[in-house]
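Please open the model in your viewer and set side chains to be displayed as sticks. The tour below proceeds from one selection to the next, with aromatic rings as its topic.

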Amino acid sequence: MDAIQRELLEAVSGLHEIPTGAYNIRANGASIERGSTANIEIITKKDTSGIEIHIKPGTRHESVHIPVIMSQSGLQEVVYNDFYVGDDSDVTIIAGCGIHNGGDAASRHDGIHRFFIGRNAHVKYVEKHYGSGDGKGERIMNPVTEINLDEDSFMEMDTAQIRGVDSTKRENKAHLKAGAKLVVMERLMTHGIQHAESYFDVQMDGEDSAANVVSRSVARDDSYQLFVSHIHGNNRCSGHTECDAIIMDNAKISAVPELSANHVDAALIHEAAIGKIAGEQIIKLMTLGLTEAEAEEQIVSGFLK
């Protein structure tokens, strides 16, 4: 990898070198490095572009890194990755995509991730998106995440898109069986004329299933954001969805939380708040010696943590 690719790799996965554990590094449309372990096997799909990750039942305290980096202007790809997580597992999966575009043609990565999580399994899924480069070509990312949670399983999903992505449409779907739990934290910042859409559709089918979907975002300059979250309570369950956003400059934000209670014992809550940074917050930080711009940056940084 060259210096640009290494910078992208660090930005989306925190890696400075080849990681321990299972990993697959994809660069400019091809897998360039891969490693499996005794408990986690990564294999190439035979019928389409992408990989399968097979995690044996009972696998604990292991990790999988599957970053994608693109530095070739004009490259466009669709990748399908499937995760099969065995019963009673406890693993961390770190994904993400970084695009550097120094040319005039649009670069685009569409990653479709499907999760089949076994009974009593625990998965932490971290996904970061990042763009760089001073070319005129757009940096486009359209991730799709489909989650299937078996009985008493748990998935924590932490997604972040902080800088450099011109256009994104993020689609997330989940089906929860009895006792399954899903926790989602989305952190998003747009600037310039960037456009970002996030969609969540969660079906709580099993008894005592639970979901908590939270989005925190900042829209700056002339950017636009759309957040749509639909929580379906199809059994005795508990669900919560929340959008908390800061709007700045000439940006626009739309939040559409929606609940569907299809069972008498479905307990569902939604919250949405959009507003500018409070003036007293800025003044307080300025009394500590910060400029107005520095105060705004401190507030935004803390909000997105």
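A residue counts as buried when its relative accessible area is under 20%, and as partly exposed when that area lies between this limit and 50%. The model is predicted. A search of the whole structure finds four aromatic pairs.

Select Phe83 and Phe115 to begin. Their ring centres are 4.4 Å apart and their planes meet at 5°, so this pair is stacked. Phe83 belongs to strand S7 (residues 76–85) and Phe115 to strand S9 (residues 107–117); the pair therefore ties together parts that are 32 residues apart in sequence. Are these rings buried or exposed? Phe83 has 0% relative accessibility and is therefore buried. Phe115 likewise has a value of 0%, so Phe115 is classed as buried.

Next, select Tyr84 and Phe116. With ring centres 5.2 Å apart and planes at 10°, this pair is also stacked. Tyr84 lies in strand S7 and Phe116 in strand S9, so that the pair links distant parts of the chain, 32 residues apart. Tyr84 has a relative accessible area of 28% and is partly exposed. For Phe116 the relative accessible area is 28%, and Phe116 is partly exposed.

Return to Phe83 and Phe115, and add Tyr125 to the selection. Ring pairs link these three residues, Phe83, Phe115 and Tyr125, into a cluster.

For the final stop, select Arg216 and Phe303. Arg216 is placed over the face of Phe303, at 5.1 Å from the ring centre.

Definitions and conventions:
Residues numbered from 1 in each chain as written. Predicted model: local features only at pLDDT ≥ 70, side-chain atom pairs only at ≥ 80, totals over all residues. Heavy atoms only, no water. Phe/Tyr/Trp six-rings, centres within 6.5 Å; stacked < 30°, edge-to-face > 60°. Helix = DSSP H or I, 4+ residues; strand = E, 2+ residues; numbered from the N terminus. Buried < 20%, exposed > 50% of the residue type's maximum accessible area, 1.4 Å probe, protein only. Lys NZ or Arg CZ within 6 Å of the ring centre and 35° of its normal.
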